[in-house]
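Reader: I should be grateful for a close look at a single residue and its surroundings. Please set it within the chain as a whole.

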Amino acid sequence: MTERQHGEPPPTGEIQRHPDAPAPGSTIASHYRMCVGCGPDHPTGLHVTVVAGEGLTVAGTFTVTDDHQGAPGLAHGGILSLAFDEVLGSLIWLIGKPAVTGHLETSYRRPVPVGTTLHIGAAVDRGEGRKIFMSAVGRENAPDGPVSVTASAVFVVVPPTHFTDHGRPVAASELSQAAAKVAEVNP
């Protein structure tokens, strides 16, 4: 994986920022209030927050709590992968096409202690057909802090019916305003 500086634009190609994408600097709302990654109402969730960047980039933060431990005092690796999946998935809001994680590879460079705020910069690298290739870098306690975790992912564009065919029906009140709008357009 090539490490880009946060904010550096990805190579242009077939994937473009959607005209209705959240503006750079705006917070990308949680898609579902009980999502274990970004849901504000999940009691032990990660409560990841994500801000839209320039082009096809986002910046997310996640603070490791006692609920996220693996070894005593350290974040569980699976929890860190979840945080990366959440931030990488937020890039989909910039593209404006529904997509799901097809492959996620996480590399752990150093332990992440409880109390650490992980700053995750993510970007779309390229697209091939229905596949969207992405990468992310997680840094400890500051956007320019030491690198703790890196990840690469492939998301796959799916039809909107993917979620209704495989999930359960949800009330609009369970979704963010942006997700409810998509559900109205793509029931």
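The reply below turns from the chain to one tyrosine, Tyr108.

Author: This is a predicted model, in which local features need pLDDT of at least 70 and side-chain atom pairs count only at pLDDT 80 or more, while totals for chains, interfaces and linings use all residues. Residues are numbered from 1 along each chain as its sequence is written, and side-chain values use heavy atoms, with hydrogens and water left out.

The protein chain contains three helices and seven strands, arranged along the sequence as β-β-β-α-β-β-β-β-α-α. Helices (H or I, at least four residues) and strands (E, at least two) are DSSP runs, numbered from the N terminus. Of its 187 residues, 39% count as buried, where buried means under 20% relative accessible area, exposed over 50%, and partly exposed in between (1.4 Å probe, protein chains only).

Tyr108 belongs to strand β4, which covers residues 99-108. With a relative accessible area of 43%, Tyr108 is partly exposed. Leaving aside neighbours within four places in sequence, Tyr108 is in contact (heavy atoms within 4.5 Å) with Gly77, Gly78, Leu80, Ser81, Ser148 and Val149. Of these partners, Ser148 lies 40 residues from Tyr108 along the chain, yet their C-alpha atoms are separated by 6.3 Å.

The side chain of Tyr108 also takes part in polar interactions. A polar contact is a pair of N or O atoms within 3.5 Å; within protein, one must be able to donate a hydrogen and the other to accept it, and residues adjacent in sequence count only if both atoms are side-chain atoms. One such contact, of 2.8 Å, links the side chains of Tyr108 and Ser81. The Tyr108 side chain also reaches the backbone oxygen of Gly77, at 2.8 Å.
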